[in-house]
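Me: I should like to learn how to read the features of a protein model, one at a time. Could we begin with the contacts and then move to individual elements?

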Amino acid sequence: MSDATPTLLRRRLGATLKTMRVRAGLNLTEGAKQLGMTGPNLSKIENGWLRPDLERFFAVYDVRDGVRIAETMAIAELADSARQRSIFAQYRDVIRPRFADFIELEEIATRTDCYAALVVPGLLQTAAYARAVIESGSVWNTPRDVRNFIELRMRRQDILDPTSRKGSRPPLSMRCVLDEACLRRQMGGPEVLHGQLDHLLAMSKLPNIELLVLPFTAGGHTGIDGAYTVFHLEVGDPVVAVESLASSLYLDDDARVTRFTTSFDHLRAQALDADASRSFITGIAKEAV
């Protein structure tokens, strides 16, 4: 079956199958011939456009490692279920393809490590703060687009609430380092900022959320190049999302992922601890009114 748009997970599955083919010593034409398909169709599978018959691939590529087989099957299961259980279909009109990958990663991740450089992360925003961020940072066609995107952002926050999760899936665990700039930038004005700071204090008390503040006095740090999020998944290696004005960049190669995970460890070490961070936010909230 063909996917209209290959998701990040399906592309990762395809890359895994391509690695298996290369390790089996087969080029694309040889692999396709042994699998009983055309070269273009095998290429589409390896690029996430077509869904594979995994058992046939394991047999043809002589994959016998039980751990590798189990991990590949688990990635395939997540790839098949993530988009169906996501809120993508309900908000398709305001979700760009690359942002759909971000939402999918949020829904399947077990933990996110987030460094916020300039604004509070979307999962921790109030509706009023979200409106200020969206209206100042993007160009939207209509007020309806703005309303829908704010509603989408609020819906995304359900993954942090154990009472909102369906089935037995636990809430997302989130570790967040907030630069002091996030706490002082008056998005929407003093009243909106005060409400946002109060919300951060409440969220910081949830057992699945660690919220640390990196004050200006910390000086230079490993996140100086900007915000990013590391998604830790049930299976497979982490994925790093680096967001920019025009798009999102997703990194999953070992060397670059390690750079970001190490960077985040350094940021946590430089940041105030949880209690000191709450006191710091409380102090800024008093100044905001």
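Reply: In this predicted model, residues 24 or more positions apart account for 72% of the contacts with a separation of 6 or more. The secondary structure comprises twelve helices and six strands.

Me: What share of the 289 residues is buried?

Reply: The cut-off for a buried residue is a relative accessible area under 20%. Buried residues make up 48% of the 289 residues. The protein exposes about 14400 Å², of which carbon and sulfur atoms supply 53%.

Me: How does one read a single residue in a strand? Which residues does T229 touch beyond four places away in sequence?

Reply: One may take its location, its accessibility and its contacts in turn. T229 belongs to strand β4, which spans residues 228–233. With a relative accessible area of 9%, T229 falls under the 20% cut-off and is therefore buried. Leaving aside residues up to four places away in sequence, T229 touches F102, T112, D113, C114, V239, V240 and A241. D113 is 116 residues from T229 along the chain, yet their C-alpha atoms are separated by 5.6 Å.

Me: How should I read a helix with a buried side? Which residues of α2 are buried, and which are exposed on the other side?

Reply: The general idea rests on helical geometry. An α-helix has 3.6 residues a turn, so residues three or four places apart point the same way. In helix α2 (residues 28–35), the buried residues include G31, A32 and L35. These three lie on the same side of α2 because they cover an arc of only 100° around the axis. T29 and K33 are exposed on the other side of α2.

Me: What covers the buried residues of α2, and what is found at its two ends?

Reply: The cover includes α1 (8–23), α3 (39–46) and α4 (54–60). At the N-terminal end, N27 caps α2, with a side-chain oxygen 3.1 Å from the backbone nitrogen of T29. Just after α2, G36 takes a positive phi of about 75°.

Me: How does one check the length of a helix? How far does α10 reach from its first C-alpha to its last?

Reply: One compares the span with the value expected from the number of residues. Helix α10 (residues 190–203) has 14 residues and reaches 20 Å, close to the 20 Å expected at 1.5 Å a residue. Its buried residues include V192, L193, Q196, L197, L200, L201 and M203. Among the elements that cover them are α7 (127–137), β2 (173–179), α9 (180–184), β3 (209–214) and α12.

Me: How should I read salt bridges, and how many does the structure hold?

Reply: It is useful to ask where each partner sits and how accessible it is. The structure holds 14 salt bridges. One of them joins the side chains of E106 and R156, with 2.7 Å from N to O. This pair links distant parts of the chain, 50 residues apart: E106 lies in helix α6 (residues 97–108) and R156 in helix α8 (residues 143–156). E106 is buried at 4% relative accessibility, and R156 is buried at 6%.

Me: Are the partners R64 and D62 buried, exposed or partly exposed?

Reply: R64 is exposed, with a relative accessible area of 70%, whereas D62 is partly exposed at 47%. Their side chains meet in a salt bridge of 2.8 Å, N to O.

Me: Where in the structure do R278 and D275 lie, and how far apart are they along the helix?

Reply: R278 and D275 are both in helix α12 (residues 274–288); because they are three residues apart, about one helical turn separates them. The closest N and O atoms of their salt bridge are 2.8 Å apart. R278 is partly exposed at 21% relative accessible area, and D275 is exposed at 51%. Elsewhere, salt bridges that share partners join R111, D113 and R175 into one network.

Me: How does one read a residue in a loop? Is Q125 buried or exposed?

Reply: The same approach serves. Q125 is found in the loop between β1 (109–116) and α7. At 2% relative accessibility, Q125 counts as buried. A polar atom of its side chain lies 2.7 Å from the backbone oxygen of V120. Not counting residues up to four places away in sequence, Q125 touches V120, A130, V133, R153, M154, Q157, Q196 and H199.

Terms used. Residues numbered from 1 in each chain as written. Predicted model: local features only at pLDDT ≥ 70, side-chain atom pairs only at ≥ 80, totals over all residues. Heavy atoms only, no water. Helix = DSSP H or I, 4+ residues; strand = E, 2+ residues; numbered from the N terminus. Buried < 20%, exposed > 50% of the residue type's maximum accessible area, 1.4 Å probe, protein only. Contact = heavy atoms within 4.5 Å. Salt bridge = Lys/Arg side-chain N within 4 Å of Asp/Glu carboxyl O. Arc of directions from axis to C-beta. Polar contact = N/O pair within 3.5 Å; in protein donor to acceptor, adjacent residues only side chain to side chain. Expected span 1.5 Å × (residues − 1). Areas by Shrake-Rupley, 256 points an atom, 1.4 Å probe, with all protein chains shown as cover.
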